[in-house]
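Biologist: Could you take one part of this protein and look at it closely for a first-year student, placing it in the whole before going into detail? I would like one connected explanation rather than a list.

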Amino acid sequence: MNGRYLWVWTLVLGLVTHSASVNRMVSLPPSERSVSRPLRQSEDPVTPEGDFGGGERDLEEPLNERDALRRVLEEKEELLSRIGMLERANRELTLANSVIASTPSDEKIGNTRPADCADHFVMGAKTSGIYEIYPFTCLCGEPLRVYCDMETDGGGWTVFMARQPGDIPLGFNRSWSEYRSGFGDASGEFWLGNVHLHAMTSSREYALRMDAHLSSGDVKFGAWGSFRVSTEANRFRLSLSSYSAESTTRSNCLPNVNGLLFTTYDRDNDETTGNCAVTEGGGFWHYRCNNLIHPTASRSEGLTSSCFNNQQDTAVFLQLKIRPVICESFVKTIFLNANKCHSCP
Ligand SMILES: [Ca+2]
């Protein structure tokens, strides 16, 4: 039993003991009962023995036996209510511990290295920057260099796509193979790689966040409670759901991409007769070539969308990032310091 349980159960046992004493008191003959009263101030006048009142009590009628019994019963009900609250709290702690226990731990799979930026955060890293991660299915592989956002909404975010101003724009009109393995540099513009996104999101439940700095000066974000990328054999099918009402964009910038396959100029998996990656540039989970936002569009065409504000606006800085979903609020507070819990199964 850990210290937290011990604390809770100490309180529970204390209240049970108190409740038992109340029960005993109710069963006593009236002459042997006493009525609890507030502690008195030292300057309170001394009242004659046998008088229920004195001081402020003078304003009240002495408790008769029925009132005394009612008060005892009310106190008993309150105690039982508090015991119920503590029991519920204990069940929540038990559930929270099971969440921790069921999370694939590095030790269980022989990997003592951080699998994502949330692991780095838990291990004490609180500064945004470049970190090395080891997704669970890459135990024998080289570490991945990623940018970790350790500040936004509590931190712990692994950035898997970044678009930002630079002297030489990184071209995003890349092949299936390049989107598969990733390209660019984590310190600037880059795509982590679909095979790595699959490795990560098949090991833990992840939430998605999109941060956009706009040419108008506004800063907007969209959030989704569930993000998962399937295998390459399944053409990196995307599962995206639970759009968050906390998002500050005007609308859901990715409203129709759930269930879509990934498309590049050399792998046409979209549902149109043509190839959206050819006509729109970049690689993405294309929905009929008219996604509200196309994060991998060419810089010259601009990352323009009407989903940010009430009018067309252009993102000059855009990040897509993921973080493990943790539903137990106290666990999330401990580990990620976030305020809200997204949807969970
Ligand atoms: Ca097509």
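Modeller: Of the 345 residues in the protein chain, 43% are buried, and this is read from a predicted model. The chain is built from seven helices and 10 strands, and it exposes about 18,300 Å², of which carbon and sulfur atoms supply 52%. If we take the contacts between residues at least 6 apart in sequence, 56% of them join residues at least 24 apart.

The part I would choose for a close look is strand β3, which covers residues 157-163. How many of the seven residues of this strand are buried? Seven of the seven are, so β3 is largely enclosed by the rest of the structure. To see what lies beside it, we can go through its pairings with other strands. Strand β2, made of residues 144-149, pairs with β3 in the antiparallel sense over three bridges, and in this pairing D149 has W157 of β3 as its bridge partner. Strand β10, residues 313-324, also runs antiparallel to β3, and five bridges join the two; here R163 has L318 of β10 as its bridge partner. Strand β5, which consists of residues 190-191, pairs with β3 through two bridges, again in the antiparallel sense, and A162 stands opposite F190 of β5.

The side chains add a further layer to this picture, and F160 is a good place to begin. F160 is buried, with a relative accessible area of 1%, and F227 is likewise counted as buried, at 3% relative accessibility. The structure holds 14 aromatic pairs, and one of them is formed by F160 and F227, whose rings are stacked with 5.4 Å from centre to centre and 25° between the planes. Because F160 lies in strand β3 while F227 lies in strand β7 (residues 219-229), this pair ties together parts that are 67 residues apart in sequence.

A second aromatic pair involves β5, the strand that pairs with β3 over two bridges. W191 and F262 form a tilted pair, with 5.8 Å between the ring centres and 50° between the planes. This pair, too, links distant parts of the chain, since W191 sits in strand β5 and F262 in the loop between β8 (238-243) and α6 (276-280), 71 residues apart. Both W191 and F262 are buried. Ring pairs join these residues into a cluster whose members include F160, F227, W191 and F262, along with others such as W176, Y179 and W285.

Returning to β10, which is joined to β3 by five bridges, we find R323 in that strand. Is R323 buried or exposed? With a relative accessible area of 2%, R323 is buried, and a polar atom of its side chain lies 2.7 Å from the backbone oxygen of D153.

Finally, turning from the strands to the metal site, the calcium ion is coordinated at 2.1 to 2.6 Å by D268, D270, T272 and G274, with D268 appearing twice through OD, D270 through OD, and T272 and G274 through O. Along the chain, these donors follow the spacing D-x1-D-x1-T-x1-G. Two of the residues at this site can be described by their accessibility: T272 is partly exposed at 23%, and G274 is partly exposed at 32%.

Note on methods. Residues are numbered from 1 along each chain as its sequence is written. This is a predicted model: local features need pLDDT of at least 70, side-chain atom pairs count only at pLDDT 80 or more; totals for chains, interfaces and linings use all residues. Side-chain values use heavy atoms; hydrogens and water are left out. Buried means under 20% relative accessible area, exposed over 50%, partly exposed in between (1.4 Å probe, protein chains only). Helices (H or I, at least four residues) and strands (E, at least two) are DSSP runs, numbered from the N terminus. Two strands pair if DSSP finds at least two bridges between them. Contact means heavy atoms within 4.5 Å. Accessible areas come from the Shrake-Rupley method with a 1.4 Å probe; for residues, only the protein chains shown count as cover. A polar contact is a pair of N or O atoms within 3.5 Å; within protein, one must be able to donate a hydrogen and the other to accept it, and residues adjacent in sequence count only if both atoms are side-chain atoms. Donors are N, O and S atoms within 2.8 Å of the metal (3.2 Å for Na, K and Ca); water is not among the atoms, so sites may look incomplete. Rings of Phe, Tyr and Trp (its six-membered ring) pair if their centres lie within 6.5 Å; planes under 30 degrees apart count as stacked, over 60 as edge-to-face and the rest as tilted.
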